[in-house]
Every structure is written in structure tokens, then in C-alpha cells.
Amino acid sequence: MHLCHLLNCYKMKKLFVLFIFISVLYSCDQQSPKVDYAVDPRNREVVVGDVLQASSYTYLLVNEKSQQYWMAVTSADIEKGKTYFFTESMEMRDFYSKELDRTFDLILFVGNLSNKPIPAQGASIQPSMAMPHTNTKTTPTKQDINIKPADGSVALVEIFNTPDAYAGKTVKVTGQVTKYNTGIMGKNWVHIQDGSANEDFFDLTITTKDEVAVGDVVIFEGAITLNKDLGSGYFFKILMEDAKASKLSLQ
């Protein structure tokens, strides 16, 4: 009887271990969605613990393995407790959000947050939320605009044609705002076009502390910087920095 009792206990222990193993596998399967495409090995997986909604951005308190931190994406419907994935991010320290009146010791601005793993290059693309920054992976759309230089400004095509001649110099440009994001690294990020172009160059990125809106026609005066590398894949061949803005009426 004693031997049978030991054998029964051994069998029960094996069944218990098997049950735990199956439970763990089921839990992992529930948390990591199945996909039928090649996954980018750079994928990072986070679980959302808290959500702060602002007018332009959504701030998320997330957990990644044993680490907890804040991230920001363009305004999106994000659910607490859900798992999300991303590969593109830019780390900022001591970032102040004017709208939230809050300083984040560390925050990641994320460019491709998705509820499924990010596919590898060449795999089928899954829906994702776009990042509030501009980078070399985002292709602007050329718009039907015809803005003439004003008040001593130069046409954008002149800078695109001979960027080295303007490097480090303060110049004026006139253009229509086609994209506008606020409060990134303490600056506002603006895209303008004037209708001129040099092959694929028709859109100029500008940083400023002044406020504008999409559709405004503005004269910007600032310093031209070439080959600006902000890290994490955010690279600008031509960037106008710390510009002053003067709005004009539509011509």
C-alpha cells in the first residue's frame, strides 16, 4: 500500500507539472498574437498601465519586462492593459509637456506603435500609429502650392539646389505650412512648401518656438543646418533651426 501511495503521488505530481506547463504555454499564446509574416527582430513589447490624452499626443505609462517608463505617440485610442509593439523610438530626458504642465524625466517618442508585432522589411505591413516626428522613413506629399518669396526671402528650390551655400547661414524663406507638431524637444516642428522643387526635395522642415497652423503662409527666418542626426534613425539632410515666424495672408 505504501508503494502504491508513492506511485500515485508521483503520478499526481507529473500531472500537476504538466498542467502548469500547459497553462504557461496558453498564457504566452494569449499575450503574443499569432502572425503569419516575418517579424522585425527589433520589436519591443510593452503593456499599457496608464493613458493620458492630450490634444495632439497620447502619453502612455508602459511596462516592458521589469522596466516602467512613459512614451508618447500621436493622438490615438490606446487601451489600458493591452499589449503593443514598436521598433522606432526617440528618447528624451527632462521633457516638458506644456499642455500637461508636466516634466517627464525620461520619455520615448514612438513612431510605429501597433497592436501586432512590427513586420520585417518586405513583409506585409500591419496598421500602426504614426509618430509625431518627421524622419527619413516618412515621405511628405507634394501639394499644389505656388508661394512667391516675400520680404527678401529665397525660394526653397535655391536651398535645395545649393545647400552647401546656405549651411550655417541665417536666411528667410516663405512657404505654406503643410504639417505642424508642437512641443517636441521644447520646439514646434513645421513643414513648409512653396511649390518649387529639386527632384525629390520640395519640403523644408523647420523648428521654431512660434505658433502657426496648417495652411498658414509664413515667412521663417532661421539658420540652415545640414545632415542633422538626432539619433534613432531621425536624420535631416536640410533643417532650418530656431526660426522666427511672421504670418502672411494667402496670396
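Asp151 sits in the loop between strand S8 (129-130) and H2. In this predicted model, Asp151 has a positive phi of about 55° although it is not a glycine. That is worth a second look, because most residues other than glycine have a negative phi. Is Asp151 buried or exposed? With a relative accessible area of 55%, Asp151 is over the 50% cut-off and therefore exposed.

Asp94 does much the same trick in another setting. Its phi is also positive, at about 55°, and again the residue is not a glycine. Asp94, though, lies in strand S5. Its relative accessibility is 58%, so Asp94 counts as exposed.

**The open sheet**

Since Asp94 brings us to S5, let's look at the sheet around it. Six strands make up an open sheet with mixed pairing, and their order is S4-S1-S2-S3-S6-S5. Which strands are at the edges? They are strand S4 (83-86) and strand S5 (89-97), each of which pairs on one side only. On average, neighbouring strands of this sheet are turned by 45° against each other, if you ignore direction.

The partner of S5 is strand S6 (residues 102-110), and the two run antiparallel over 8 bridges. If you want a spot to find that pairing on screen, go to Met92: its bridge partner in S6 is Ile107.

Strand S2 (residues 57-64) holds a charged residue to check, Glu64. Glu64 counts as buried because its relative accessibility is 12%, which is under the 20% cut-off. What does Glu64 touch, leaving out residues up to four places away in sequence? The list is Arg44, Glu45, Val46 and Tyr69.

**Two nonpolar cores**

Tyr69 turns up again in the nonpolar packing, as a member of a core of 15 residues that also includes Val73, Ala76 and Phe86. This is the second core, separate from the largest one.

The largest nonpolar core has 19 residues. Which of them touch the most other members? Those are Ile159, Val173, Ile192, Leu204, Ile206, Phe220 and Met240. Several elements chip in two or more residues each: helix H2 (156-161), strand S9 (170-184), strand S10 (187-193), strand S11 (204-208), strand S12 (217-231) and strand S13 (234-248). As a general rule, nonpolar side chains in soluble globular proteins tend to be buried together.

Ile159 is a handy residue to centre your view on. Not counting residues up to four places away in sequence, Ile159 touches Val154, Tyr166, Val171, Val173, Ile224 and Ile238. Val173 is also on the list of core residues that touch the most other members.

**Salt bridges**

Side chains of opposite charge can pair when their charged atoms come close. How many salt bridges are there here? The count comes to 7, and the table shows three of them.

| Acidic residue | Basic residue | Closest N to O distance |
|---|---|---|
| Glu91 | Arg93 | 3.2 Å |
| Asp216 | Lys247 | 3.6 Å |
| Glu241 | Lys228 | 3.5 Å |

The Glu91 and Arg93 pair joins a partly exposed residue to an exposed one. Glu91 has 43% relative accessibility and so counts as partly exposed, while Arg93, with a relative accessible area of 56%, is exposed.

Why does the bridge between Asp216 and Lys247 tie together separate parts of the chain? Asp216 lies in the loop between S11 and S12 and Lys247 in strand S13, so the pair links parts that are 31 residues apart in sequence. Lys247 is exposed, with a relative accessible area of 52%.

The Glu241 and Lys228 bridge works along similar lines. Glu241 is in strand S13 and Lys228 in strand S12, so this pair ties together parts that are 13 residues apart in sequence. Glu241 is buried, with a relative accessible area of 15%; Lys228 is partly exposed, at 26%.

**Back to a loop**

Asp216 deserves one more stop, in its loop between S11 and S12. What does the side chain of Asp216 reach at 2.9 Å? It reaches the backbone nitrogen of Ala213. Setting aside neighbours within four places in sequence, Asp216 is in contact with Gly175, Gln176, Val177 and Lys247. The Lys247 in that list is the salt-bridge partner of Asp216.

How values were computed
Residues numbered from 1 in each chain as written. Predicted model: local features only at pLDDT ≥ 70, side-chain atom pairs only at ≥ 80, totals over all residues. Heavy atoms only, no water. Pairing = 2+ DSSP bridges. Helix = DSSP H or I, 4+ residues; strand = E, 2+ residues; numbered from the N terminus. Axes fitted to C-alpha atoms, helices over the stretch in contact; angles between N-to-C directions. Core = buried A, V, L, I, M, F, W, Y, C linked by side-chain atoms within 4.5 Å. Buried < 20%, exposed > 50% of the residue type's maximum accessible area, 1.4 Å probe, protein only. Contact = heavy atoms within 4.5 Å. Salt bridge = Lys/Arg side-chain N within 4 Å of Asp/Glu carboxyl O. Polar contact = N/O pair within 3.5 Å; in protein donor to acceptor, adjacent residues only side chain to side chain.
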